[in-house]
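Please open the structure in your viewer with a cartoon representation, and keep side chains ready to be switched on. The tour below moves from one selection to the next and says what is to be found at each stop.

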Amino acid sequence: MAALADPNMTLPDGLATALERVAALHPECDLADPGTPSATVAVLRQRYAVFDYLVLADSPVVFEGTEGGHTVITDLRVDDVLPELRAEVESYETHTPGHREALQRLVLAQRQVRNTPDGYWVAGTNPEAAQHCLTGSAKLRDVRSAAVMSDGVSRLVSEYKMATWDEIFATLRTAGPRGLIETVRKTEATDPTGRRWPRYKSGDDATVAYCQW
């Protein structure tokens with residue numbers, strides 16, 4: 001946030017600066033280890049009469065237009081990586097030995113291609129990842145509201161197909177982020193073992209920031 005306080009700083013440059021600063025806080029760590037923590041990134045910044053956005057991996061930014069409709073910015077390149085191992089994980093119900101073993105194999109394989117030209121990009125210790133984000137801008141006058149969320153929330157639309165973006169934003173207006181997250185959890189509770197919606201775990205991290213004007 002500090003790196004992006006300057007409106008003349010581009011979002012990729014700000015993210016790269018942030019990654020460098022965080023890495024510098026951990027000189028005692030082996031930051032070249034493939035298991036070093038990493039994260040998706042979704043940023044929305046108002047700059048004068050526009051909104052700048054940045055997305056790295058599958059945490060989306062969603063705009064609700066003043067004339068209706070929604071624009072979804074998300075980075076799904078990870079879905080194209082290691083499809084056979086992903087399919088193996090999804091062939092098992094969650095909370096089973098087979099699922100745990102297949103998931104471990106997938107995670108170990110993903111670590112080898114994470115933040116490489118042959119794989120996918122997330123925010124880790126390499127500031128170069130910031131140059132592989134999806135970025136753009138939207139005019140303030142064209143946006144009624146916006147939501148920045150983790151994929152643990154957006155899957156209600158993208159994977160579970162249990163809501164539309166119109167319904168998502170209606171819930172955000174009436175019940176706020178807490179109400180939307182509760183809806184996600186109630187939906188997942190109807191399929192605790194992933195039989196209906198194959199997935200890595202019963203419920204993923206769910207975070208929402210909702211902005212309206």
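What follows is a walk through a predicted model, taken in steps that each begin with a selection.

**First stop: the open sheet**

Begin by selecting residues 41-47 and 134-139, which are strand 1 and strand 5, together with residues 50-56, which form strand 2. These belong to an open sheet of three strands, arranged in the order 1-2-5 with antiparallel pairing. Strand 1 and strand 5 stand at the edges, and each has a single partner strand, so one side of each is left without a neighbour in the sheet. From one strand to the next the twist averages 15°.

Zoom in on the pairing of strand 2 with strand 5, where the two run antiparallel and are joined by six bridges. A convenient marker here is Val55, whose bridge partner in strand 5 is Leu134.

Now add residues 11-24 to the selection, which make up helix 1. This helix lies across strand 1, strand 2 and strand 5, and its direction is at about 50° to strand 2.

**Second stop: strand 6 and its partners**

Clear the view and select residues 143-149, which are strand 6. Is this strand mostly covered or mostly open? Six of its seven residues are buried, and strand 6 is accordingly described as mostly covered.

Strand 6 has pairings with strand 3 and with strand 7, which can be shown in turn. Add residues 61-65, strand 3, and you will find it running antiparallel to strand 6, with five bridges between them; Gly65 has Val143 of strand 6 as its bridge partner. Next add residues 208-212, strand 7, which pairs with strand 6 in the antiparallel sense, again over five bridges. In this second pairing, Met149 is matched with Val208 of strand 7.

With these strands still displayed, turn on the side chains of Arg144 and Glu64, which form a salt bridge whose closest N and O atoms are 3.6 Å apart. The pair ties together distant parts of the chain, since Arg144 sits in strand 6 and Glu64 in strand 3, 80 residues apart. Their surroundings can be compared by accessibility: Arg144 has 41% relative accessibility and counts as partly exposed, whereas Glu64 is buried at a relative accessible area of 6%.

**Third stop: helix 4 against helix 5**

Select residues 151-158 and 165-189, which are helix 4 and helix 5. The axes of these helices come within 10 Å and cross at roughly 100°, and the two helices are therefore roughly perpendicular to each other. To see the contact itself, show Gly152, Val153, Ser154, Arg155, Leu156 and Val157 on helix 4, and on helix 5 Trp165, Ile168, Leu180, Ile181, Thr183, Val184, Thr187 and Glu188. Coloured by class, this contact shows eight nonpolar, four polar and two charged residues.

Stay with helix 4 and colour by accessibility. Seven of its eight residues are buried, so helix 4 is largely enclosed by the rest of the structure. The buried residues run from Asp151 through Gly152, Val153, Ser154, Arg155 and Leu156 to Val157. What covers them includes strand 6, helix 5 and strand 7, and strand 6 is thus a useful element to bring back into view.

**Fourth stop: Asp151 and further salt bridges**

Which residues does Asp151 touch, not counting those up to four places away in sequence? Selecting this helix 4 residue and its surroundings brings up Asp58, Ser59, Pro60 and Asp204. At 15% relative accessibility, Asp151 counts as buried. Asp151 is also part of a network of salt bridges that links it with Arg155, Lys201 and Asp204.

Return to helix 5 and display Glu188 and Arg185, which lie three residues apart, about one turn of the helix. They form a salt bridge with the closest N and O atoms 2.9 Å apart; Glu188 is buried, with a relative accessible area of 5%, while Arg185 is partly exposed at 35%.

Finally, select Arg199 and Asp191, another salt-bridged pair, with the closest N and O atoms 2.9 Å apart. Here both residues are buried. For anyone wishing to continue the search, the structure holds 13 salt bridges.

How values were computed: Residues numbered from 1 in each chain as written. Predicted model: local features only at pLDDT ≥ 70, side-chain atom pairs only at ≥ 80, totals over all residues. Heavy atoms only, no water. Buried < 20%, exposed > 50% of the residue type's maximum accessible area, 1.4 Å probe, protein only. Helix = DSSP H or I, 4+ residues; strand = E, 2+ residues; numbered from the N terminus. Pairing = 2+ DSSP bridges. Axes fitted to C-alpha atoms, helices over the stretch in contact; angles between N-to-C directions. Parallel < 35°, antiparallel > 145°, perpendicular 65-115°, else oblique. Contact = heavy atoms within 4.5 Å. Nonpolar A, V, L, I, M, F, W, Y, C, P; charged D, E, K, R; others polar. Salt bridge = Lys/Arg side-chain N within 4 Å of Asp/Glu carboxyl O.
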